[in-house]
Every structure is written in structure tokens, then in C-alpha cells.
Amino acid sequence: MKAFYADEQKRHDPKAFLSSGAPQPNPEQPERVERLLAGARAAGCTIERPGNFGLSPIAAIHSPEYIDFLQHIYARWRRIESASEEVIPNIHPIARGGSYPASAVGQAGYHMADTACPISAETFDSACWSAWSAVAAAEAVMAGEPAAYALCRPPGHHAFVDVAGGFCFINNSAVAAQHLRRQAARIAILDVDLHHGNGTQGIFYARPDVLTVSIHADPVRFYPFFWGHADERGEGSGLGYNLNLPLPRKTGDDGFLDALETAKRRITAFAPDALVVALGLDAFEGDPFGGLSVSTPGFSRIGQAIAALKLPTVIVQEGGYLCDALGDNLTAFLTGFEG
Ligand SMILES: [Zn+2]
């Protein structure tokens, strides 16, 4: 399978992170790339550098003021006396009833959902290349490849139209889906990351042309808390085109695969022209987040089950954090997918 990745994606190197209020090292480390590249190569992937697709595929998802914010906020932030090294929000609007703020501090609060997405000098460039890897994989599938893998890092599925969050800045899975829409009328996005794909759900919540399905740890006591519950079904003409399948903590292979069968029935009924898999590997039993208990052979079964949908498929990397098996889990998924 073709795989896409650019070295610029490694330059984003976030430091700040709070877990239950306590400062911790940020888990979204550049080293993840090395493990994932090794895993993709072990599965027989050839790694290609994506082209520079410019801002238009990103602007097809994200708002102009948000893209401008991501592009320029770091330089503006550094002009503030005694500001932190990275852009980190310390004030948030309650909902969005007020005015759009003019200041860097106000805009950081407006456009950043939490403290897990600090912005440094390299962040925007890394995030653009990550999105372009997703676009390149979509282009490969549009050109006739049965499937392609985008090694997207930083990840994307927690990013909304105009809000970053949870290590994510540009929603790569949404960018890939929207790019596929140039050629295909109906797209399904299947998110198997440990965490609910709240940004992706939010982006397509009112649209019937992109079905969003997410399998994840129950958000009742887990990030992203406010989204991912089973009663979130879409709105307006998108009502019924969002399916959430929250799982109890520590669910293993069999429970995950049961939920995947439910997801597949919904996707088959939708009859999409193409599929985007938001591939988090953090549902792994040894992942530092410890939310679910999928095994390495379990990822192979998940890949096999998704391939049985027999759809043109863009596989977009989402989460999956540093642990010995990170690369092996990607290899297992991709080899399972390719049968
Ligand atoms: Zn995750």
C-alpha cells in the first residue's frame, strides 16, 4: 500500500500538557513518527512525500479566521511580555455568544479547546504537511488505489471547524473526506481511536453526505467528556448520519469487534462511495492512556473486518502513543487490512 509522510511533520514538538490538572510531559511526541514509519514499512508500505497542496483543501474544512490564527498566533504571542514559550490558552468564552476577540490571548481562548494543543513556531507548518499527507492519500485512492495510508502527525480528529484541541490542529480525516467528495457523492468516516472523534463529528454534524461513526471509550469519565455519547445522532439534514458507539473502559478485542460489526452495518446501509478510517492505535492494552484493551492481534482483526467492507479506503493516522508495540500495532492493522 502507498503511504504518505513529510519530515516537516516531525518539527512540531509540544511540551505543555495537563492531566487531571497536573503538569505532565506531552504524549504527542515526534518520536511517534519513527515508530509508525517502521510499522508501515514492516507492512510493506512504500513511503512517499506528499505534494504541497496549498491551503485550499484545508480551507474546505476550516474557517478563514481559524487558519489565520494557526498561521500567525505564535509570532503574535511572542511579542507579549512574559508570555509562555508555547501558545496555551488561559481564558475561554462560555459558548460563543460574545464578540470575536482582537487580542492574541483572547483568540487563543476562542480557538483552543484545552491545554493539550500548545502552539510553537513549527506547529502550523507541521500541521499543514500532516493534512497534505491525508490529501495525497485521498488523491491516490481517487486515482484508483484500493487503499492508501496517511501517516498524519500531528493528529486531527479533535479539531473542529475553528477550534484546536487534544493534540489536534487541522482535522486530517475531515480534509481527506472532503477531498474525496470531489469525486464521490457519499463518504463514511469510521473512527476507531480510543477517544471520540469529536471534531470530525462536529464538522459534519448537520450533513447527510458524510456519515460519521466513532467507536471509543465511554466519555462519561474520559476525554472528550462533552461529546461521544450514544444519543448524539446529528442535526438538521444530518440527523441520523452520526453514530457513536461508546465502550466500557478496558473493553478488549471481542467487545471492540462486536461494536465494529454494528458500525459496519450502519456504513453498509449508508452505501458510501469511499471510506476514511481515522486510525487511532491508542485503544491498545499497553497504550499510556490505558482506556481500552485491544491487543496487537486484535488490530489485525480490526483491519481485516474493515477491509471486508470492500470500499476505496483512505487510512488516516490519529492517536497511538509511545509504547513498545506502537509500530507493531500499525503493522498488524495494515497487514490485516491487506489480508
Ligand atoms: Zn486518541
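Student: Is H195 buried or exposed?

Tutor: This is a predicted model, and relative accessible area settles the matter. Buried means under 20%. H195 has a relative accessible area of 6%, so H195 is buried.

Student: What does H195 bind?

Tutor: Look for the atoms around the metal. H195 is one of the protein donors of the zinc ion, through ND1. D193 and D282 are donors too, each through OD. These donors lie 2.0 to 2.1 Å from the zinc ion.

Student: How are the donors spaced along the chain?

Tutor: Read the pattern as D-x1-H-x86-D. H195 sits in the loop between β6 (187–191) and α7 (198–204). D282 sits in the loop between β9 (274–279) and α9 (296–307). The pair therefore ties together parts that are 87 residues apart in sequence.

Student: Is D282 buried or exposed?

Tutor: D282 is buried, with a relative accessible area of 0%.

Student: Which residues does N198 touch?

Tutor: Set aside residues up to four places away in sequence. N198 then touches H157, H158, F160, P224 and W227. N198 belongs to helix α7. Its relative accessible area is 2%, so N198 is buried.

Student: Where is P224 found?

Tutor: P224 is in the loop between β7 (210–217) and β8 (242–247). P224 is buried as well, at 3% relative accessible area. Leaving aside neighbours within four places in sequence, P224 is in contact with H196 and N198.

Student: How far apart are P224 and F4?

Tutor: Give both kinds of distance. In sequence, P224 and F4 are 220 residues apart. In space, they are 28 Å apart, C-alpha to C-alpha.

Student: Now a whole helix. How many residues of α6 are buried?

Tutor: Count residue by residue. Helix α6 (residues 172–180) has 8 of its 9 residues buried, so the helix is mostly covered. The buried ones are N172, S173, A174, V175, A176, A177, H179 and L180.

Student: What covers the buried residues of α6?

Tutor: Several elements do. Among them are the helices α2 (56–59), α5 (123–142) and α7. The strands β6, β9 and β10 (313–317) are also included.

Student: How do α8 and α9 cross?

Tutor: Compare their axes. Those of α8 (residues 253–270) and α9 come within 10 Å and cross at roughly 15°. That makes α8 roughly parallel to α9. The crossing is right-handed.

Student: Which residues meet there?

Tutor: From α8 come D253, D254, F256, L257, L260, E261 and K264. From α9 come G298, R301, I302, A305 and I306. By class, this contact has 6 nonpolar, 1 polar and 5 charged residues.

Student: K264 is in that list. Is K264 buried or exposed?

Tutor: Check the number, not the residue type. K264, in helix α8, has 11% relative accessibility and counts as buried. Not counting residues up to four places away in sequence, K264 touches A305, A308 and L309.

Student: How do α9 and α10 cross?

Tutor: Use the axes again. Those of α9 and α10 (residues 326–338) come within 6 Å and cross at roughly 30°. Angles under 35 degrees count as roughly parallel. So α9 is roughly parallel to α10. This crossing is right-handed.

Student: Which residues make that contact?

Tutor: T296, F299, S300, I302, G303, Q304, I306 and A307 in α9 meet D328, N329, A332, F333, G336 and F337 in α10. By class, there are 7 nonpolar, 6 polar and 1 charged residues in the contact.

Notes. Residues numbered from 1 in each chain as written. Predicted model: local features only at pLDDT ≥ 70, side-chain atom pairs only at ≥ 80, totals over all residues. Heavy atoms only, no water. Donors = N, O, S within 2.8 Å, 3.2 Å for Na, K, Ca; no water. Helix = DSSP H or I, 4+ residues; strand = E, 2+ residues; numbered from the N terminus. Buried < 20%, exposed > 50% of the residue type's maximum accessible area, 1.4 Å probe, protein only. Axes fitted to C-alpha atoms, helices over the stretch in contact; angles between N-to-C directions. Parallel < 35°, antiparallel > 145°, perpendicular 65-115°, else oblique. Left-handed = near helix turned anticlockwise from the far one by under 90°. Contact = heavy atoms within 4.5 Å. Nonpolar A, V, L, I, M, F, W, Y, C, P; charged D, E, K, R; others polar.
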